[in-house]
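Welcome! Here is a friendly briefing to read with the sequence and the 3D view open beside you.

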Amino acid sequence: MVSEARVLIAPSVLSADFADLGRQVRAVTDAGADLIHVDVMDGVFVPAISFGEVVVDAIRANTDVPLNIHLMIQEPENLLSTFAKVESDQILVHAEACGHLHRTVSRIKDKGNQVGVALNPGTPVSAVEDVLSLLDIVMVMSVNPGASGQSFIPQSLDKIRRLKAIIGHAGCDTQIEVDGGIKADWTAQDSIKAGATILVAGSAIFNDRETIPEAMKGMRGCVLG
Ligand code: DX5
Ligand code: ZN
């Protein structure tokens, strides 16, 4: 076993075939996804635009697994009524995108959702220290956000270790999620050893080389060691 803690796998639908999205969401659900990672991009915080409320609703209608909604949106507080409307969904905002991070996080909690803060590769872990006690999740971006299929940035491992130490010192039960470049190899295993308990995987799950069940089986096997 790589870790005693149960590690959750969160396939990112950004790599799915959008012409066949409902079936792919059902397939990844049937294959044992713990969460469905949903990347909302606004073309401002990141260069690309991905999709919005209509597609998030369509994803939710095809699974009973909680959505892990990654808001790559400048000032996401303005859109909480759009994206934080189902209590079982987890809402992740970027520290860099929030002018009033404490207020934004508090408003998400008030809506009854689990809340996480994502950190870009260039953002220090200290950016979340003063809101840590409010957070269910801190998400370490192991690529610069904006696209699937990028390579894992190895320095992310040390960042996860430092975050784990800070969380332990604070006595919080905040989980560490890692997003970007995770494959069924050392990237997943070393992230878990460093302290991550939620793994996002896009192109490692939705690809042309293997079926979704095969990819999920490979990732689960790698996570279990
Ligand atoms: C990148 C997104 C990721 C992406 C991951 O900005 O936040 O969730 O879909 O894709 P892979 O696993 O292919 O790096
Ligand atoms: Zn993401």
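Is E75 buried, partly exposed or exposed? At 27% relative accessibility, E75 counts as partly exposed, because that label covers values between the 20% limit for buried and the 50% limit for exposed. Keep in mind that this is a predicted model. We will start with E75, move on to the ligand, and finish with two buried residues, N207 and V117.

**A residue with a positive phi**
- You can find E75 in the loop that runs between β3 and α3, where α3 spans residues 80–83.
- Its phi angle is near 50°, a positive value in a residue that is not glycine.
- Most residues other than glycine have a negative phi.

**Ligand 1 and its surroundings**
- Ligand 1 sits in the largest cavity.
- There are 19 residues around ligand 1, and those that come nearest are G146, D179, G181, G202 and S203.
- Sorted by class, this shell holds 7 nonpolar, 10 polar and 2 charged residues.
- Three strands each give the shell at least two residues: β2 (36–41), β3 (67–72) and β8 (198–201).

**Polar contacts of ligand 1**
- In the side chain of D179, an N or O atom is 2.7 Å from an oxygen atom of ligand 1.
- G202 takes part through its backbone, with a polar atom 2.8 Å from an oxygen atom of the ligand.
- S148 uses its side chain: one of its polar atoms lies 3.0 Å from an oxygen atom of ligand 1.
- How much of the accessible area that ligand 1 has on its own does the protein cover? The protein covers 100% of that area, which is 380 Å².

**N207, a buried loop residue**
- Look for N207 in the loop between β8 and α8, the helix of residues 212–224.
- N207 has a relative accessible area of 16%, so it counts as buried, the label for values under 20%.
- Its side chain reaches the backbone oxygen of A204 at 3.3 Å.
- A polar atom of the N207 side chain also lies 3.1 Å from the backbone nitrogen of E210.

**V117, a buried strand residue**
- V117 belongs to strand β5, which covers residues 114–119.
- With a relative accessible area of 0%, V117 is buried.
- How far from V117 is E177, going from C-alpha to C-alpha? The two atoms are separated by 9.7 Å, while the residues are 60 apart along the chain.

Terms used: Residues numbered from 1 in each chain as written. Chains lettered and ligands numbered in written order. Predicted model: local features only at pLDDT ≥ 70, side-chain atom pairs only at ≥ 80, totals over all residues. Heavy atoms only, no water. Near = heavy atom within 4 Å. Polar contact = N/O pair within 3.5 Å; in protein donor to acceptor, adjacent residues only side chain to side chain. Areas by Shrake-Rupley, 256 points an atom, 1.4 Å probe, with all protein chains shown as cover. 1 Å grid on protein atoms, 1.4 Å probe; cavity = no way out; pocket = protein on both sides within 12 Å on 5 of 7 lines; lining within 4 Å. Sits in = over half its atoms within 2 Å of the grid points. Helix = DSSP H or I, 4+ residues; strand = E, 2+ residues; numbered from the N terminus. Nonpolar A, V, L, I, M, F, W, Y, C, P; charged D, E, K, R; others polar. Buried < 20%, exposed > 50% of the residue type's maximum accessible area, 1.4 Å probe, protein only.
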